[in-house]
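User: I would like to go through this model and ask why each feature gets the label it has. Could you set the values against the cut-offs for me?

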Amino acid sequence: MTAGPTRVDPHVKVLDERVVERARQSGVDALVYAPHFTRLPEIRGRAERFSTEDVTVVPAREVFTGDWGNRRHLLAVGLDEPVPDFITFEAALAEFERQSAAVLVPHPEFMNVSLTRAEAGAYRDRIDAVEAYNAKLFGRQNDRGRRIAEAFDLPTFGSSYAHLHGTVGTAWTEFEGDVRGEEALVTALKERRPRTVVRRRDPATRLRRLVEFAHLGYENSWGKFDRLLLSGMEATHPRHIAYDGRFDDVAVY
């Protein structure tokens with residue numbers, strides 16, 4: 001357990017022994033694991049499996065609100081019950097609030113998948129932090145998040161947003177005190193505890209950004225085609241049997 005500050009990477013998409021070891025070597029104390037299109041029980045199970053004495057893995061969900069043409073991603077930390085993708089933005093926020101989860105805004109104003117500046121301002125009382133540094137994105141893209149946070153006096157966070165193993169350890173958010181556990185991290189986020197966004201600036205990290213951005217192209221081409229046309233209903237689709245009809249009235253599909 002850490003006695004001083006805690007280094008948290010608040011958003012990673014990959015998790016195995018190599019990821020945890022890279023985090024440990026980088027001095028990261030906690031990883032927030034939030035893979036796409038994966039139900040909460042599976043995420044929680046893997047988080048428990050790969051947590052170690054040195055690195056705690058916290059389960060979370062990046063929920064895709066809205067339809068494919070008007071998506072708004074929200075990162076929820078501290079969920080007790082599953083929340084599907086493809087429900088309305090308001091329904092997702094209401095469910096997060098019902099479960100007292102921390103609500104984070106990843107990669108603001110990025111492509112058509114993120115909250116805009118106007119939306120962040122309109123919902124600032126229901127948002128716990130805005131991403132001001134994402135290791136997958138470039139300077140101008142990250143500057144937007146920082147300016148949004150400053151404009152609406154919102155706390156910030158920085159993450160590796162690692163979709164590939166090598167990106168883990170390139171960025172993190174350092175909190176005062178020990179916030180390694182899920183409950184402690186949620187409390188720190190909701191109470192807006194002091195934190196510092198830290199990022200590496202070496203040539204290897206800059207190269208890693210290019211590799212990650214190329215991977216984004218794959219995700220938005222073949223990966224999307226596979227999900228939409230070949231793989232059938234998403235595991236996190238609101239009409240999936242796992243949700244027992246609870247979200248049928250707020251589903252966008």
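Analyst: Happy to, and please keep in mind that this is a predicted model. We can take salt bridges, burial, cores, a cavity and a pocket in turn.

User: What makes the contact between Glu174 and Arg7 a salt bridge?

Analyst: The closest N and O atoms of Glu174 and Arg7 are 3.6 Å apart. The cut-off is a Lys or Arg side-chain nitrogen within 4 Å of an Asp or Glu carboxyl oxygen, so a pair at 3.6 Å qualifies. Glu174 sits in strand E8 and Arg7 in strand E1 (residues 6–12), so the salt bridge ties together parts that are 167 residues apart in sequence.

User: Why are Glu174 and Arg7 described as they are for exposure, and what are their values?

Analyst: Glu174 has a relative accessible area of 25%, and Arg7 has 27%. Buried means under 20% and exposed means over 50%, so a residue in between is called partly exposed. Glu174 is therefore partly exposed, and Arg7 is partly exposed too.

User: How do you know that Arg126 and Glu90 form a salt bridge, and where do they lie?

Analyst: Their closest N and O atoms are 3.2 Å apart, and that is within the 4 Å limit. Arg126 is in the loop between helix H4 (117–122) and strand E6 (129–134), while Glu90 is in helix H3 (residues 89–98); the two are 36 residues apart and link distant parts of the chain. Arg126 has 26% relative accessibility and counts as partly exposed. Glu90, at 39%, also counts as partly exposed.

User: And Arg246 with Glu95: which of them is buried and which is partly exposed?

Analyst: Glu95 has a relative accessible area of 9%, so it is buried, the cut-off being under 20%. Arg246 is at 42%, so it is partly exposed. Their side chains meet in a salt bridge at 3.4 Å, N to O. Arg246 is in the segment after helix H7 (203–230) and Glu95 is in helix H3, 151 residues apart.

User: Which residues are linked with Glu95 and Arg246 in a network, and how many salt bridges does the structure hold?

Analyst: The network of salt bridges links Glu81, Glu95, Arg98 and Arg246. The structure holds 16 salt bridges.

User: What makes a set of residues a nonpolar core, and which members touch the most others in the largest one?

Analyst: The members are buried nonpolar residues joined through side-chain atoms within 4.5 Å. In the largest core, which has 26 residues, Leu74, Leu79, Ile87, Phe96, Ile127 and Val130 touch the most other members. Strand E4 (72–77), H3, strand E5 (102–105) and helix H5 (139–151) each supply at least two residues, and H3 gives the most, with five. Apart from this core lies another of 18 residues, among them Leu75, Leu104, Phe175 and Leu189. In soluble globular proteins, nonpolar side chains tend to be buried together.

User: What does Ile127 touch, beyond its neighbours in sequence?

Analyst: Not counting residues up to four places away, Ile127 touches Val103, Val105, Leu115, Ala120, Leu154 and Arg192.

User: Why is the second largest cavity called a cavity, and what lines it?

Analyst: A cavity is space where a 1.4 Å probe fits but cannot get out, so that is the test behind the name. The second largest cavity has a volume of about 30 Å³, and there are two cavities of 30 Å³ or more. Pro10, Leu104, Phe157, Thr173, Phe175, Leu185 and Leu189 line the second largest one. By class, this lining has six nonpolar, one polar and no charged residues. Strand E8 (171–175) and helix H6 (182–190) each supply at least two of them.

User: What volume does the second largest pocket have, and which element gives the most to its lining?

Analyst: Its volume is about 200 Å³, and H5 gives the most to the lining, with six residues. The lining has 14 residues, of which Ala132, Tyr133, Asn142, Asp143 and Arg199 lie nearest the centre. By class, six are nonpolar, three polar and five charged.

Notes. Residues numbered from 1 in each chain as written. Predicted model: local features only at pLDDT ≥ 70, side-chain atom pairs only at ≥ 80, totals over all residues. Heavy atoms only, no water. 1 Å grid on protein atoms, 1.4 Å probe; cavity = no way out; pocket = protein on both sides within 12 Å on 5 of 7 lines; lining within 4 Å. Points joined across faces, edges and corners; volume = space filled by probe spheres on them. Helix = DSSP H or I, 4+ residues; strand = E, 2+ residues; numbered from the N terminus. Nonpolar A, V, L, I, M, F, W, Y, C, P; charged D, E, K, R; others polar. Buried < 20%, exposed > 50% of the residue type's maximum accessible area, 1.4 Å probe, protein only. Contact = heavy atoms within 4.5 Å.
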